[in-house]
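Here's a quick briefing to read with the viewer open. Take a look at the model below, then work through the notes by topic.

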Amino acid sequence: MKLHRQGRRPVSIALLLALVPFGCTAARSARLTGRSSVESRASLSHVPTDENKVVAGRNRTNASSQTEAPAKITLVAADDETTPPDQLSPDGLAEPNRSESDWDQSQAATNSYPLDLASVLMLADGQNPQVGLARERIAEAYSQVKRADVLWLPSLRAGMNYNLHEGSIQDVAGNVFNTNRSAAYGGLGAGNLGAGSPSVPGLLANFHLTDAIFQPKIARHQASSRQFAATAARNDILSDSAIAYLELLRAERRLAIAYEAREKTNRIAELTGAYARAGEGFESDHDRLLAELAARDNEIAQVDEAVQTASSRLAFLLHTDPNIVLSAEEPFVAPLSFTSATMTKQELVAQGLCRRPELAEHRQLVGEACERLQREKFAPLIPSVLLGFSYGSFGGGLGNSISNSANRMDTDAMAYWELRNLGFGEQAARGEATSRLRQSRFREVAVLDRVAQEIVEAHAQVQTRRKRIEVSKPGVVVAELSYNLNLQRIENAKGLPIEALQSAQALAQARRDYLNAVIDYNIAQIRLCRAIGWFEETPSSMPD
């Protein structure tokens, strides 16, 4: 599946929505606890790029702001020439001009491991224990299929026994008399005391022919249902991990916006204090800016907590050490597209009903219930079979003497029909199987309704959040231009510094709105992708 973003150029992320390996071996080698590929990329987050040109272009209307260090991470795709604020690419609208010192301090404090979305999906597929558990349930189900296939084969037993009797005993004619005797047996089977067959046959086949016929079919349906259930569990984990990663990306970009807002507020506070000391402004304005500066510090602390929380949640889904701080390595925040924008919700619903593994799982469960009902219908008509064969050396005599030893062979074959509880048990068993079949069909219908509802809801979220992006996009450009013009006017002594506070607040809010719109849109895309079964790991078909 190809990944595209809305804008001028394709996203460089190789999103593994359909290319994630279907096993645990490849991803397990990239565990974060060892020397992984993620570690090897840790230094990349400190490499400056040409995107700093765009940052300089943003601040060219403010002479003093050009002395600030450029941001190390920006979501703007830089051009060869400086881009004016009114022509900025949409990719950079959520990216503030965070100072270099702030970025270096945060990197040194966290010592984070950068991850991109592709790495997150690969690690989640290979390391999450829920995915591993679901795959082990598949292995268990296939072992049950093998056991059902060999139900008709006999079991092999070998052993020996010794018996000593002293005192009265009854013969077959009913006479009771005293005797002392002993007997010994060894070979295939055990428990041979005399005239009868061994109580433990050497080769024993004891089964109901109905089970030998229907149990393999039932086990195959169970195995197929678990395989589709494992695919559904894998899709859930991939979706949850992708959303957790986007939430981490949101928190990190919000922290960058908070740092930029504090830096702008601090700059306005310095100007306000200078105006107040020169008698050109009011001390109350300076106090107002100091209060605003404290609010910005509080916001940074809150958002920093959100970053750590998002990192911990992502580490949980990736089954990594929660003490390791994860960070998003996406080059910029941009709207992503995982599905065709031209498909209607009716087409998406039809696609989801064909692709969702939950529906395939419940179809297999319905098939299992049908086979169980057939088994109960034929159970009274098909006999149970008991086959026994023993061969070994047997000997005995009076007292403790073991003499007259010789080989002996015993063969038993029986077939019998059973009508449980005078027929009432059979009727109850068929009624129970019929009810379970109806329950499985109702569950299938409920899943059909849930899948359709999830697709329609996700499609509506994608459509409305796309409009939010279009609405919030020009607000960032206008807010940034307004702030630069206000600051330029103040530096030219044409107004009071506090007049720029509202434009700085508006710029921070516009960036947050655009960031939330893009992240919410991408989350809606992930959910729509999940709703139509895009993260599909198609199980191999099983013979009937």
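Which residue follows H12, and what is the sign of its phi? Gly533 comes after H12, and its phi is positive, near 75 degrees. Bear in mind throughout that this is a predicted model. Here's the rest, sorted by topic.

**Helix H12**

- H12 covers residues 501–531 and is among the elements that each give at least two residues to the largest nonpolar core.
- With 31 residues at 1.5 Å a residue, H12 should span 45 Å, and its end C-alpha atoms sit 44 Å apart, which agrees.
- H12 is largely enclosed by the rest of the structure, because 24 of its 31 residues are buried.

**The largest nonpolar core**

- This core has 75 residues, and the ones touching the most other members are Leu314, Leu318, Leu326 and Ile455.
- At least two core residues come from each of strand S2 (113–115), helix H5 (117–127), helix H7 (209–277), helix H8 (283–318), strand S8 (326–328), helix H9 (345–355), helix H11 (424–491) and helix H12 (501–531).
- H7 gives the largest share, with 18 residues.

**Salt bridges**

- The count for the structure comes to 28 salt bridges.
- One of them joins the side chains of Arg530 and Asp236, at 2.6 Å from N to O. This pair ties together distant parts of the chain, with Arg530 in helix H12 and Asp236 in helix H7, 294 residues apart.
- Are the two partners buried or exposed? Arg530 is buried at 8% relative accessibility, which is under the 20% cut-off. Asp236 is partly exposed, with a relative accessible area of 34%.
- Arg530 and Asp236 also belong to a network of salt bridges that links them with Arg356, Glu358, Arg450 and Glu454.
- Asp297 pairs with Arg262, and here the closest N and O atoms are 2.4 Å apart. That's another link between distant parts of the chain: Asp297 is in helix H8, Arg262 is in helix H7, and they're 35 residues apart.
- Both ends of that bridge count as partly exposed, Asp297 at 34% relative accessibility and Arg262 at 25%.
- The side chains of Arg253 and Glu252 meet in a salt bridge too, at 4.0 Å from N to O. Arg253 is buried at 4% relative accessibility, and Glu252 is buried with a relative accessible area of 14%.

**Aromatic rings**

- How many aromatic pairs does a search of the whole structure find? It turns up 1.
- The pair is Phe214 and Phe378: their ring centres are 5.9 Å apart and their planes are at 25 degrees, so the pair is stacked. The stacked label applies because the planes are under 30 degrees apart.
- Distant parts of the chain are linked here as well, since Phe214 sits in helix H7 and Phe378 in helix H10 (residues 357–378), 164 residues apart.
- Phe214 is buried, with a relative accessible area of 8%, whereas Phe378 counts as partly exposed at 35% relative accessibility.
- On the cation side, Arg408 has its charged end over the ring of Phe394, 5.1 Å from the ring centre.

**Backbone oddities**

- Most residues other than glycine have a negative phi. The two residues below go the other way.
- His319 isn't a glycine, yet its phi is positive, at about 55 degrees. You'll find His319 in the loop between H8 and S8, and at 38% relative accessibility it counts as partly exposed.
- Asn421 also has a positive phi, near 50 degrees, without being a glycine. Asn421 lies in the loop between strand S11 (403–416) and H11, and it counts as exposed at 59% relative accessibility.

**Cysteines**

- If you're setting up a topology, how many disulfides does the structure hold? The number is 0.
- Cys370 counts as partly exposed at 27% relative accessibility.
- Cys529 counts as buried, at 0% relative accessibility.

Technical notes. Residues are numbered from 1 along each chain as its sequence is written. This is a predicted model: local features need pLDDT of at least 70, side-chain atom pairs count only at pLDDT 80 or more; totals for chains, interfaces and linings use all residues. Side-chain values use heavy atoms; hydrogens and water are left out. A disulfide is a pair of cysteine sulfur atoms within 2.5 Å. Buried means under 20% relative accessible area, exposed over 50%, partly exposed in between (1.4 Å probe, protein chains only). A nonpolar core is a set of buried Ala, Val, Leu, Ile, Met, Phe, Trp, Tyr and Cys residues joined through side-chain atoms within 4.5 Å. Helices (H or I, at least four residues) and strands (E, at least two) are DSSP runs, numbered from the N terminus. The expected span of a helix is 1.5 Å times one less than its number of residues. Rings of Phe, Tyr and Trp (its six-membered ring) pair if their centres lie within 6.5 Å; planes under 30 degrees apart count as stacked, over 60 as edge-to-face and the rest as tilted. A charge sits over a ring if NZ of Lys or CZ of Arg is within 6 Å of the ring centre and within 35 degrees of the ring normal.
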